[in-house]
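Opening the notebook on this one. I want to go through helix packing, the core and a few loop residues.

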Amino acid sequence: MKKLLAVLLSVLLVCLCMAPAYASGEAPAQTHSDSFGAYDHVFIIGVDGAGRFFKDVNTPEFDRIFADGAVDYTARTEMVTVSAQNWGSILSGVSYLRHGLTNDKAGETQRDSSTKYPTIFTYARRAFPEAELASIVNWDPINYGIIETDIGVNKMSPGNDEDVTNAICDYFDAGNAPTLFFSHFDEVDHAGHEYGSKSQEYISAIEAADARIGRVYDAIERNGLMENGLFIVVSDHGHLVVGGHFGLTARETNTTVAVKGKTVVAGGVMDDDTRNRDVSAIALYALGIERPAYMSSRVPADLFKNTEGEQRDISRDLPDATLCKLAWVITVLTKWI
Ligand SMILES: [Zn+2]
């Protein structure tokens, strides 16, 4: 216990020593490679509760889609492994400490684009006033309380994952070509809560999500949208062996970020500092939208060709950066559990 405390204190000390070095310097310039603005469409497919477990399950569709893509199975979550905290960060590029979203809040309170840390949908709307933007989700609080109400996002919350899949395929087959698209499957999370992350039920739920991801990808591709499209799969958190999530163990905090597109490094694994929150930066970068300076998401290394990864400026959110470093110790200690 004393040893663990010493390690934690050392990490904290290193973090605090590093901070002034970042704070006193200029924020690192955003790199603009050929990939900046190279895409007309970004598709973000969220799979709730799947964590890192795509890699442990038979997922032929995921493997087919990302055979020439970049995949990181150990991207880190927010330091509270709960849905709204993470979907809020994935879509807004700031930590949960900043956006303050919780499941209850997202289910009860709507936001508009005047909110302090709006989602990337607001930035897409400002950059492309006429663009189609859409979000089709199983878990309605994302559409109700996370994505803003006043920016003309085409929102649908059809019900279960099968209904979501059908709605997405119909949406693309009807000729819609969204600049930014988000979707969310929820049934892996249900299985995780009920049976835990080592159960056959959880594995089967990920396999079912895999088949749905394949159908969604094919609908996008057959309508000609992948030529200049970036396709992303991301999860908010994983699950404990006994089911459930809230803490900082590896099963909860390691999660999947997978990206496919014409300028993505085939076989890329992204760098060790990748977080699911970085999906917001990746999406803005692909669409050629400058990222606001307050965001603590960034484009990882080993993702886009000819693009150096950006350093995360921890001075932008020092409490989050410190918590993340401290929690990393717990993740490492629980890696094999
Ligand atoms: Zn969740």
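Before any helix pair, a reminder to myself: the axes I use are lines fitted to C-alpha atoms over the stretch in contact, and angles run from 0 to 180 degrees between N-to-C directions. Also for the record, this is a predicted model.

**Entry: H8 and H10**

I looked up helix H8 (residues 161-173) against helix H10 (residues 200-222) and got an angle of about 10°, with the axes 9 Å apart. Angles under 35 degrees count as roughly parallel, so I put H8 and H10 down as roughly parallel to each other. From H8 the contact uses Asp161, Thr165, Ile168, Cys169, Phe172 and Asp173, and from H10 it uses Arg212, Arg215, Val216, Ala219 and Ile220. Sorting the H8 and H10 contact by class, I get six nonpolar, one polar and four charged residues.

**Entry: H9 and H10**

Next I took helix H9 (residues 187-195), which packs on H10 at about 180°, with the axes 8 Å apart. That makes the H9 and H10 pair roughly antiparallel. On the H9 side I find Glu187, Val188, Ala191, Gly192, Glu194 and Tyr195, meeting Glu201, Tyr202, Ala205, Ile206, Ala208 and Ala209 of H10. The class split for H9 with H10 is eight nonpolar, one polar and three charged.

Which residues of H9 are buried? My list is Glu187, Val188, Asp189, Ala191 and Gly192. I then checked what the buried residues of H9 pack against: S1, H8, strand S5 (180-185) and H10. Just after H9 comes Gly196, with a positive phi near 90°.

**Entry: H6 and H12**

Helix H6 (residues 120-127) packs with H12 at an angle of about 10°, and their axes are 10 Å apart. H6 and H12 are therefore another pair I note as roughly parallel. Ile120, Tyr123 and Ala124 of H6 meet Ser280, Ala283, Leu284 and Leu287 of H12. By class, the H6 and H12 contact has six nonpolar residues, one polar and no charged.

**Entry: the core**

Which members of the largest nonpolar core touch the most other members? Out of 85 residues, I get Val42, Phe43, Ile44, Ile232, Val259, Ile282 and Ala283. I picked Ile232 to follow up. Setting aside neighbours within four places in sequence, Ile232 is in contact with Val42, Phe43, Ile44, Ile45, Ala258, Val259, Val279 and Ile282. As background, nonpolar side chains in soluble globular proteins tend to be buried together.

**Entry: H13**

I did a quick length check on helix H13 (residues 318-333). Its 16 residues at 1.5 Å each should span 22 Å, and the end C-alpha atoms are 23 Å apart, which agrees. The buried residues I noted in H13 are Asp320, Ala321, Cys324 and Ala327. A helix has 3.6 residues a turn, so residues three or four places apart point the same way.

**Entry: loop residues**

Val57 first: I find Val57 in the loop between strand S1 (41-47) and helix H2 (60-65). Buried, exposed or in between? Val57 has 17 other C-beta atoms within 10 Å, so I log Val57 as partly exposed. Not counting residues up to four places away in sequence, Val57 touches Ile203, Ile206 and Glu207. I also paired Val57 with Thr179: they are 122 residues apart in sequence and 31 Å apart in space, C-alpha to C-alpha.

Ala266 sits in the loop between strand S7 (254-260) and H12. With 11 C-beta neighbours inside 10 Å, Ala266 goes down as exposed. Ala266 and Asp68 are 198 residues apart in sequence, and their C-alpha atoms are 4.2 Å apart.

**Entry: positive phi**

Most residues other than glycine have a negative phi. I checked two that do not follow this. Asp302 has a positive phi of about 60°, and Asn306 has a positive phi of about 55°. Asp302 is in the loop between helix H12 (278-287) and H13, and Asn306 is found in the loop between H12 and H13. On burial, Asp302 counts as partly exposed, with 18 C-beta neighbours inside 10 Å. Asn306 is exposed, with 10 other C-beta atoms within 10 Å.

Methods:
Residues numbered from 1 in each chain as written. Predicted model: local features only at pLDDT ≥ 70, side-chain atom pairs only at ≥ 80, totals over all residues. Helix = DSSP H or I, 4+ residues; strand = E, 2+ residues; numbered from the N terminus. Expected span 1.5 Å × (residues − 1). Buried ≥ 20, exposed ≤ 12 C-beta atoms within 10 Å, placed from the backbone. Core = buried A, V, L, I, M, F, W, Y, C linked by C-beta atoms within 7 Å. Contact = placed C-beta atoms within 7 Å. Parallel < 35°, antiparallel > 145°, perpendicular 65-115°, else oblique. Nonpolar A, V, L, I, M, F, W, Y, C, P; charged D, E, K, R; others polar.
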